[in-house]
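Colleague: I've got some questions about the labels you put on this model. Mind if I go through them one at a time?

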Amino acid sequence: MKYDVIIDCYTDEPSGLGVPPYLSVHSRYIAGVLKNKNINYYYLNIDDLRFATGEKHFNNSYNKRIINMTRNANSVSEILKNATNIYVVMGCFVKYEYVSAEPPTFLEVENLLNLFCKKETNKLLFYSLGGSELTRENIRKTIPNNLFNNIIFGNTYNYFIGESGNKFKPNYDKLRQIAIDSSSILEQLDRPVVIEIETATGCNRNPGCTFCIEGMRGLPLQYRKKEDIIDEIKSLYDNGALYFRLGRQPNFYSYKNCDVEEIENLFKGIWSACPNIKTLHIDNVSPHNVNSEEGKRITEIVAKYTTAGNITPFGIESFDPIIREKCNLNGSLDDIHKSISIINKYGKERGKNGLPKLLPGINIIYGLDGQNENTLKHNLNNFKKILNSGNWVRRVFVRKLTSPYGEQFDNYSKEDLEEFNFWSKTIENEFIVPMLKKVFPIGLEISELRMEMYKDGNSILRQMGTCPVRVVILNKKLKLDEFYKIKVVGYIGNRTIIGETIWKK
């Protein structure tokens, strides 16, 4: 039997998650194309290959390098040895300490492919980052020579349908059936996943932020039909999927030009077709669209139709007015603070799992054009304003400005890194932890938390959703992938609280 193999080495883009427990559109779309063309395929991930080399778990910790193995883990050598084509998918924007996964380096991928694959087998790399021919040059300098027969950028399915021109440009007519057929991949998974669902491509601001990857790709704003999105989710749902994120877009509120009725009908259609979904969350949101009459109505709809624990990640990037002007950041400071209030007005109420229905998130970037000695002070002053307002923010992500090709191509000095670490720690101490205590007070009971990782004798639980808080159960080994209810008993730091179990669900 002839067959192809997808090897998921994980992706993490500014507008899409693909590191476990999230399943990216990239590997899934390849699976959909192959299913559509009646080509047999196996889905593996990097954890499977590591396991096949003999990696094991530890005495008081799970090894997160092998924890996400698929149902094919015990047949890696045989599967890869006889493959017709091998499709490697990777591209992580930031170097991040993931709870239960570890994306590989190019060197690790090279070693594993050379170990398990025939040299003559056609191997393609699908790299999710970048947006121009310059990307290809940078990647080729990094990847060992002769490892891959070709390097593909853009939407993975464009390679298979023969799309010419800008490979990042979507073909939503052809994607419809591919996305529906992609549900076949679920048969080969062994752990539950949060599935990324693409809703749009491009940004509704022109020009957008000066450093943004969306601008590099030169794409017009395009939306998928709500019927196509609903049918895709229904196919995945019918095959066992229960956790979804409407992500893979720079600004969810811009869907169909901020059409309130279309957005509500999208949610109504999803719930009508899939009534027992356990997570339905969104991703990125632009403050300038929240602080509008349409934005208020959309916020009310999102809080109503999505599951509790949802978040609207704001690409604020900086509160410094100099940086905001130089980098053409979206919305004014007034927009930002009013948007935070609007989200809180409709989303602060707690849902049945104990979590607020919908809260804002804030992204801050170190290293933007115009950064100066007062930038941190501007950020801290605005964080203090939020704390004093009585509004809640569910999470803050502070990161370095990253190359469009991924953080591995960045070159920060020792002094820069020390200053960045000072920024991160200061913001954590002065805002993140005080806010954490407001949103997750001592005694709060939270349910529907999945046991995701066992580390250093402690269990780590998280909600299956967008940017969830980490709950550490000290000195206890709970059952992997079971769901629990906990009570908050303490705090560790950024995004991390201490809990004790009440009962298992």
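Colleague: Okay, what makes you call Cys274 buried?

Modeller: One thing up front: this is a predicted model, so everything I tell you is computed from it. Cys274 has a relative accessible area of 1%, and the label buried applies under 20%, so Cys274 earns the label.

Colleague: And why does Cys327 count as buried?

Modeller: Cys327 comes out at 1% relative accessibility. The limit is 20%, so Cys327 counts as buried.

Colleague: With cysteines in play, how many disulfides does a search of the whole structure find?

Modeller: Zero. To count, a pair of cysteine sulfur atoms has to be within 2.5 Å, and the search of the whole structure finds no such pair.

Colleague: Let's move to Val472. Why is Val472 called buried?

Modeller: Its relative accessibility is 9%. That is under the 20% cut-off, so Val472 counts as buried. You'll find Val472 in strand β18, residues 470–473.

Colleague: Which residues is Val472 in contact with, leaving aside its neighbours within four places in sequence?

Modeller: Asn458, Ser459 and Ile460 are among them, and so are Ile492, Thr496, Ile497, Ile498 and Gly499. Contact here means heavy atoms within 4.5 Å. As for Arg205, Val472 is 267 residues from it in sequence and 40 Å from it in space, C-alpha to C-alpha.

Colleague: What makes you say that β13 and β15 are edge strands?

Modeller: They belong to an open sheet of three strands, with the order β13-β14-β15 and parallel pairing. β13 (310–317) and β15 (395–400) each pair on one side only. From one strand to the next, the twist averages 25°.

Colleague: How do you know that β13 and β14 pair?

Modeller: Six bridges join β13 to β14 (residues 358–366), and the two run parallel. Pairing needs at least two bridges, so they qualify. In detail, Glu317 stands opposite Ile364 in β14.

Colleague: Now the whole chain. How many helices and strands does the protein chain have?

Modeller: There are 16 helices and 20 strands.

Colleague: And why is the chain called as compact as a globular protein of that length?

Modeller: Its radius of gyration is 22 Å, and the globule rule gives 23 Å for 505 residues. Those values are close, so the label fits. Along its principal axes, the C-alpha trace spans about 65 × 55 × 50 Å.

Colleague: What share of the 505 residues is buried?

Modeller: Buried residues make up 61% of them.

Definitions and conventions: Residues are numbered from 1 along each chain as its sequence is written. This is a predicted model: local features need pLDDT of at least 70, side-chain atom pairs count only at pLDDT 80 or more; totals for chains, interfaces and linings use all residues. Side-chain values use heavy atoms; hydrogens and water are left out. Helices (H or I, at least four residues) and strands (E, at least two) are DSSP runs, numbered from the N terminus. Buried means under 20% relative accessible area, exposed over 50%, partly exposed in between (1.4 Å probe, protein chains only). Axes are lines fitted to C-alpha atoms, for helices over the stretch in contact, and angles run from 0 to 180 degrees between N-to-C directions. The radius of gyration is taken over C-alpha atoms; the globule rule is 2.2 Å times the number of residues to the power 0.38.
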